[in-house]
Amino acid sequence: MRLIRAFGLAFAMYSKIPMPRQEWNDRDLEYVFCWFPAIGLVCGGLYLLWWRLAAFLGLSAALTAVVCVILPLAVTGAIHLDGFCDTADALASHQSRERKLEILKDSAVGAFALIGCVCYLLLEFALWYQAAVDALEPWVPAVVPVLSRSLSGLAAVTRKNARGSGLLATFTKAVTCRQVRWVLVGWLVMCAGGMLFLSLPLGGAALAAAGLTYGYYYVVSRKEFGGITGDLAGWFLQLCELACLLAVVIVGRVMAL
C-alpha cells in the first residue's frame, strides 16, 4: 500500500494528472522518487502519440514542434521550468552563495529568468521543428523524459541538500533505505539499454549529452550553491532534456548526410 500511495503522491506533486485524494504520512514519502521517472513515461508516450497523429494528419512541422514543446509543460504544470527560471536568476546575479539561495526562494520573476525561459523555449521549438522536418523517429527523444527524471531523482537522494528545507528536502529526508537508490539505478539502466537498442548512434548521443549535463549540474550546484535544491533539480531536468534533444537532432542530421 505504501508503494501505491507513493505513486499517487509522486504524480500529485510533480504532475497535473488528477490523482484520487488520499491520506498520507511521512513514511509514504520514502518511495516517491521510485515513481518520479514514471511521469516521464507519460510525457514520452504523449510525444509518440502526437508525432504519429501529426504525421497521419499531415500537419506542419511548426505545429508539430509547438505541441511537443507544450506537452511536458501541460503534464507537469511547468514545475521544472519554474526551477529553471529561478536558477537562471540566481546564477546571473553573481552574488554570494547565501544570496543565490535567497533568490531561488523569491517568487518574483527577474529579467534573467525571463530571458532564459524565452531562449530555452525558442531553442526547444527549433530542435523539435528540425526533427519534424528531418522526419526523425521520436523513439529516443520519447525516452529522454524518463532518463532525465531518473538522474534528477538519483541526485536528489544521494547529493547534499543546500538548504535542508523545502519540498525536495522533505522528500529526500524520508528516504532511509537503499532500495530507492537501486530502483532509480534500475530506471537508468532500462533507459540506457532501451535507447541503445532503439538506435545505437542516437541513443549513444543522448546518453553522452545526459552524462555531460549531469557533470555540469554536479559542479555548478556544488560550487555556486553548496548542494542541490528543488529549483536546481528542475533546472537540471530541463537542461538535460534540451541537451539530449540537441544531441539527437545533430547526430540525426549527420547520419542523413
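# Exercises on a predicted model

The side chains of Arg 52 and Glu 137 form a salt bridge, with an N to O distance of 2.9 Å. The model is predicted.

## Exercise 1: A bridge between distant parts

Place the two partners of the Arg 52–Glu 137 salt bridge in the chain, and classify their exposure.

**Solution.**
- Step 1. Arg 52 sits in helix H2 (residues 32-57), and Glu 137 in the loop between H6 and H7.
- Step 2. The two are 85 residues apart, so the pair links distant parts of the chain.
- Step 3. Partly exposed means between 20% and 50% relative accessible area.
- Step 4. Arg 52 has 38%, so Arg 52 is partly exposed. Glu 137 has 42%, so Glu 137 is partly exposed too.

## Exercise 2: Two further bridges

The whole structure holds 5 salt bridges. Work through two of them: Glu 224 with Lys 100, and Arg 149 with Glu 241.

**Solution.**
- Step 1. Glu 224 and Lys 100 meet through their side chains at 3.2 Å, N to O. This pair joins helix H10 (residues 200-225) to helix H5 across 124 residues.
- Step 2. Glu 224 is partly exposed because its relative accessibility is 23%. Lys 100 is buried because its value is 5%.
- Step 3. Arg 149 and Glu 241 meet at 2.9 Å, N to O. Here helix H7 is linked to helix H11, and the partners are 92 residues apart.
- Step 4. Arg 149, at 1%, is buried. Glu 241, at 13%, is buried as well.

## Exercise 3: The surroundings of Thr 76

Decide whether Thr 76 is buried or exposed, then list what its side chain meets.

**Solution.**
- Step 1. Thr 76 belongs to helix H3 (residues 61-76).
- Step 2. Its relative accessible area is 7%, so Thr 76 is buried.
- Step 3. A polar atom of the Thr 76 side chain lies 2.8 Å from the backbone oxygen of Pro 72. A polar atom of that side chain also lies 3.2 Å from the backbone nitrogen of Ala 78.
- Step 4. Leaving aside residues up to four places away in sequence, Thr 76 touches Tyr 14, Ser 15, Lys 16 and Arg 149. Arg 149 is the salt-bridge partner of Glu 241.

## Exercise 4: Positive phi

Find where His 94 and Ala 135 lie, and say why their phi values deserve a look.

**Solution.**
- Step 1. Most residues other than glycine have a negative phi.
- Step 2. His 94 is not a glycine, yet has a positive phi of about 55°. Ala 135 also has a positive phi of about 55° and is not a glycine.
- Step 3. His 94 lies in the loop between helix H4 (79-93) and H5. Ala 135 lies in the loop between H6 and helix H7 (139-158).
- Step 4. His 94 is exposed because its relative accessible area is 69%. Ala 135 is exposed because its value is 58%.

## Exercise 5: Core and surface

Describe the largest nonpolar core and a nonpolar patch on the surface.

**Solution.**
- Step 1. The largest core has 75 residues. Phe 33, Trp 128, Leu 147, Tyr 217 and Cys 244 have the most contacts inside it.
- Step 2. Helix H11 (residues 230-256) gives the largest share of this core, 12 residues.
- Step 3. Tyr 217 touches residues including Ala 155, Leu 232, Trp 235 and Phe 236.
- Step 4. On the surface, Val 109, Leu 114, Val 118 and Leu 122 make a nonpolar patch. Together they have about 400 Å² of accessible area.
- Step 5. Val 109 lies in the loop between helix H5 (97-105) and helix H6 (111-133). With 65% relative accessibility, Val 109 is exposed.

Definitions and conventions:
Residues numbered from 1 in each chain as written. Predicted model: local features only at pLDDT ≥ 70, side-chain atom pairs only at ≥ 80, totals over all residues. Heavy atoms only, no water. Patch = residues over 30% accessible without salt bridge, like charges linked within 9 Å, V, L, I, M, F, W, Y side chains within 5 Å. Areas by Shrake-Rupley, 256 points an atom, 1.4 Å probe, with all protein chains shown as cover. Salt bridge = Lys/Arg side-chain N within 4 Å of Asp/Glu carboxyl O. Helix = DSSP H or I, 4+ residues; strand = E, 2+ residues; numbered from the N terminus. Buried < 20%, exposed > 50% of the residue type's maximum accessible area, 1.4 Å probe, protein only. Polar contact = N/O pair within 3.5 Å; in protein donor to acceptor, adjacent residues only side chain to side chain. Contact = heavy atoms within 4.5 Å. Core = buried A, V, L, I, M, F, W, Y, C linked by side-chain atoms within 4.5 Å.
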